[in-house]
Structure formats: structure tokens, C-alpha cells
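User: Please take a close look at one part of this model, the salt bridges, and then set out what surrounds that part.

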Amino acid sequence: MGLISGMVMGVLVGVAIMAGWSRVMLRRSRKRIAKAADIKVLGSLGRDDLRKLCGDNFPEWISFPQFEQVKWLNKHLSKLWPFVAEAATAVVKESVEPLLDDYRPPGIKSLKFSKFSLGTVSPKIEGIRIQNLQPGQIIMDIDFRWGGDPSIILAVDAVVASLPIQLKDLRVYTIIRVVFQLSEEIPCISAVVVALLADPEPKIQYTLKAIGGSLTAVPGLSDMIDDTVNSIVSDMLQWPHRLVVPLGVNVDTSDLELKPQGKLSVTVVKATSLKNKELIGKSDPYVKLYVRPMFKVKTKVIDDNLNPEWNETFELIVEDKETQSVIFEVYDEDKLQQDKRLGVAKLALNSLEPEITREVTLKLLHSVDPLKNRDTKDRGTLHLKVMYHPFTKEEQLEALEAEKQAIEERKRLKEAGIIGSTMDAVGGAASLVGSGVGAGVGLVGSGIGAVGSGLGKAGKFMGKTVAGPFSMSRKNGSSSAAPQPDQA
């Protein structure tokens with residue numbers, strides 16, 4: 001009897017243990033499934049969604065990587081770099097030197113490389129992101145970092161002195177966008193587009209050192225070189241501008257090229273409470289404005305007035321309304337010395353509604369770069385009227401043709417010595433003529449202005465050199481000294 005009751009109790013206890021174990025495992029399984037579902041939901045949330053859920057307790061260490069790491073690529077790049085650097089040195093030098101001449105600041109007669117080497121330190125690719133935003137295209141964004149040891153010496157031949165300038169401690173941080181246009185024929189890629197994304201803004205940092213002399217030998221030289229570098233990047237490579245490279249014969253790249261989107265009509269009405277830069281009398285202000293540095297235009301000069309009224313209208317070509325801005329630079333003309341900058345302002349075009357005239361008041365700042373805007377002094381305000389007109393297909397074609405002719409005219413004037421560089425600001429006498437988009441082309445006034453108060457991108461941009469930021473202040477056919485950046 002005892003044996004039987006023991007066996008029955010053992011069976012019951014065993015069944016109870018098994019049932020309990022099964023129940024525990026089932027509960028754990030259900031919890032895992034529920035937790036996995038919660039994690040999946042959390043994984044689909046973005047940064048903004050998590051901030052709404054967590055409020056002030058949102059952990060800053062949470063990251064959302066968009067780029068895939070490519071450590072294997074960096075290993076191969078470091079091994080290949082000596083060969084890549086040697087091959088690229090000649091190509092880069094031949095490509096950049098003509099740009100230095102086109103973007104050459106006033107007051108400098110020649111700007112060339114006396115020594116150029118990319119050094120032994122290879123760039124680092126932090127990550128790569130692949131996107132398929134349009135049919136027939138593959139978009140690759142490359143997070144590019146380079147803290148190199150290049151040996152770069154610029155031979156600067158200025159009006160007042162000539163000296164070699166060494167560029168040291170180069171640092172480059174940018175995201176390179178490469179667009180592959182696919183085709184049905186080997187190698188299955190018909191063209192490649194290369195550009196630098198505007199967001200985040202490309203950063204190129206370096207130190208300038210004069211060899212056997214001092215940078216003060218040429219006043220403002222450091223600022224001139226900085227502006228030249230920044231304008232070459234923004235005017236040629238920064239999105240929406242791009243390089244289009246066909247990889248075959250008779251390749252149609254029209255869909256890849258940058259085209260004018262519309263026309264911006266800007267009326268510079270007046271400025272108020274400008275800062276006086278003169279020791280005797282008052283400043284003689286004028287305004288330079290541009291969407292692209294290559295097509296700067298300027299108002300007339302108002303003598304001895306800190307509250308000038310211009311009421312001049314200019315038409316500027318817009319190539320990408322969502323990313324581009326119009327820049328306004330107010331200067332004080334000085335017939336004996338460098339023109340002094342009174343302040344700058346920036347107007348983003350993405351805030352404008354088509355065909356609606358908008359009155360805008362902008363506060364003049366020390367710089368359009370927020371990182372350099374530590375100076376909070378009052379520099380006055382600029383009053384404008386702006387209207388954006390989107391192009392039709394016919395107007396777009398007319399604008400493209402007008403752009404090509406305007407660029408060629410600027411180059412002709414530069415070769416003839418009428419202007420110092422293709423970057424010289426066009427005076428108020430130059431205006432768009434012909435149809436509503438400025439199809440007509442011609443020279444007006446004293447022969448200094450290229451057609452159009454501001455024409456945008458020149459047709460096909462296939463590695464073709466265009467020009468940049470610094471411009472010689474000219475009016476009535478005579479040149480004045482180079483504008484001097486705001487020192488206050």
C-alpha cells in the first residue's frame with residue numbers, strides 16, 4: 001500500500017512540476033514575443049517620435065545611423081593612396097589653377113601653385129549611404145573626412161608685393177554625393193554626377209603662413225584667399241551645382257545638368273541706420289547682391305548718406321529654390337582705399353511664394369556664417385521687395401541660352417582687360433532685356449556689364465571652369481580698390 005501511494009504521489013508531483021514548468025516557459029515566451037513587438041515598434045520610431053514619448057528624459061546617447069561603416073574600404077584606400085595621390089596631383093593642379101585665375105581677387109595680379117602635393121595621409125570615409133530616389137539612378141552619399149599633410153604653396157603676385165603662401169593643417173569635412181546614371185549597355189553606367197551636399201555645409205579648414213615674409217605685406221590677403229576657396233566650392237561643387245561626367249560617346253546628360261528654375265526680381269529699396277566708416281563726412285554706400293557669386297550685380301553709389309534710397313530692381317536666375325539664397329553685401333565706396341563692408345544679409349528663397357511680391361526687411365550682420373557672427377553690433381537694416389517667378393519650359397530654354405552668352409561675354413571682357421575677373425559685379429546699367437526671362441543679350445552703359453542683372457548656371461557643366469566670389473568694384477568704366485571685409 002505504501003509503495004502504491006508513493007508511486008501515485010511521485011506521478012502527481014512529476015505531472016505538477018511538468019505542468020508548472022510548461023506554464024512558466026509559456027509565460028516567458030509570451031513576454032519575449034511582446035517585448036520583441038515593442039522593440040520592433042520602437043525601432044520604427046524616429047528621433048522626433050522618441051522625443052515626444054520621453055520628453056525631457058530623452059537619452060542623448062541614442063543615435064540613428066544613416067551611413068554604413070566601410071572599414072574595409074579605408075584599409076584598401078590607405079594602401080592605394082600613394083598611387084592615387086601621385087596620379088591625382090597633376091589632375092587637381094591642372095583643374096584648380098584656371099579656377100584660381102578666374103576667381104582671382106582684385107589687387108592680385110597672379111595666383112598660382114608653386115608647389116602642390118597631396119601628401120602621404122589618406123582620406124577617411126566614415127560611412128556610405130545608398131539611395132534610389134529616381135528610376136534609372138543610384139545615389140551614393142559618402143561621409144568624407146581628410147586631415148591630410150599636403151604640401152601646398154601658392155605663388156601670390158599682388159600689386160603691392162609678391163610672396164609665397166603656404167597652406168598648412170588642412171582639414172576637410174563634407175558629404176560627397178555621387179549619382180550614377182544607369183544604362184543597358186556595358187559598363188551599365190552612362191554618366192556620373194559629383195557634388196558636395198549643402199547640408200551639412202562643407203568645411204575646409206587650413207592655416208596660411210607666409211614664407212620669407214608676413215601676411216600683412218598684402219592687406220586683407222588672408223580674407224581674400226578664404227573667400228576665393230569658399231566661392232569656388234559653393235559656386236562649382238556645392239549642391240545644387242555639380243560636375244557631370246559622361247562615360248561614353250553621345251551620352252545624353254540633359255536630365256542630369258542643372259537648369260534654371262525661375263527668376264527672382266529684387267528691388268533694393270533703401271537702407272537705414274548704416275554704420276559710418278568715414279572719419280570725415282558720411283559713408284558712400286552701395287549694395288552688391290547675388291545668388292551665385294559669378295553673377296554679382298550692384299546698385300549705384302549714394303554719396304554721403306547713412307539712410308540711402310536706391311529703388312533699383314535686378315533680376316537673378318534661380319537654379320534650386322529650395323536650397324539657394326540671395327546674398328546682400330553693403331559697402332562704403334572709397335576712391336583712395338579699399339571699399340569697406342558695412343554689413344551683409346541673407347534671404348533664403350524657399351520661403352518665397354511664386355508670383356507674390358513680398359516686402360522684406362533684413363538686419364545687416366557681420367557675416368552670413370553663424371559661427372562667425374559673434375559681433376552683435378547694430379549695422380543697420382536693408383529694405384527690399386522680392387518676387388519669384390517659376391519658369392515655363394520655353395522660358396527655361398531661353399534663360400539657358402542667355403546664360404551661355406553672358407558667361408562668354410564676361411570672359412571676353414576679362415581677356416580684353418575691361419574687367420579684372422569674370423567675377424566683377426555688374427553695375428545698375430546692366431539689365432535683362434528681351435522677353436520676361438531676359439532672352440535678349442547685349443552690352444549696355446559703358447561696356448562693363450555683361451547681359452542680365454544676374455544670370456545663373458551656364459548650360460552644360462561638364463567640368464567647365466566658372467568663376468567665384470571676389471569682384472572689383474567698378475562704376476562708369478573705372479575700377480576701384482578691392483572691397484575690404486567688415487573689420488568691426
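Analyst: The salt bridges come first, followed by one helix and some backbone details.

This is a predicted model, in which local features need pLDDT of at least 70 and side-chain atom pairs count only at pLDDT 80 or more, while totals for chains, interfaces and linings use all residues. Residues are numbered from 1 along each chain as its sequence is written, and side-chain values use heavy atoms, with hydrogens and water left out.

A search of the whole structure gives 8 salt bridges, a salt bridge being a side-chain nitrogen of Lys or Arg within 4 Å of a carboxyl oxygen of Asp or Glu. Among them, the side chains of D141 and R129 meet at 2.7 Å, N to O. D141 lies in strand 3 (residues 137-146) and R129 in strand 2 (residues 124-131), so this salt bridge ties together parts that are 12 residues apart in sequence. Helices (H or I, at least four residues) and strands (E, at least two) are DSSP runs, numbered from the N terminus.

D141 also forms a salt bridge with R177, with the closest N and O atoms 2.8 Å apart. Here the linked parts of the chain are distant: R177 is in strand 5 and D141 in strand 3, 36 residues apart. R129, D141 and R177 are thus linked in a network of salt bridges. D141 and R129 are buried, and R177 is buried as well; buried means under 20% relative accessible area, exposed over 50%, and partly exposed in between (1.4 Å probe, protein chains only).

Another salt bridge joins K340 and D334, with the closest N and O atoms 3.3 Å apart. Both K340 and D334 are buried.

Strand 5 (162-182) also appears in the surroundings of helix 4: the buried residues of helix 4 pack against strand 5, and against helix 3 (71-102), strand 1 (108-117), strand 4 (151-158), strand 6 (189-196) and strand 7 (203-210). Contact means heavy atoms within 4.5 Å. The buried residues of helix 4 include L221, M224, I225, I232 and D235. Helix 4 (residues 221-237) has 17 residues and should span 24 Å at 1.5 Å a residue, which agrees with its end C-alpha atoms being 24 Å apart; the expected span is 1.5 Å times one less than the number of residues.

In the loop between strand 5 and strand 6 lies P187, which is joined to I186 by a cis peptide bond with omega of about 10 degrees.
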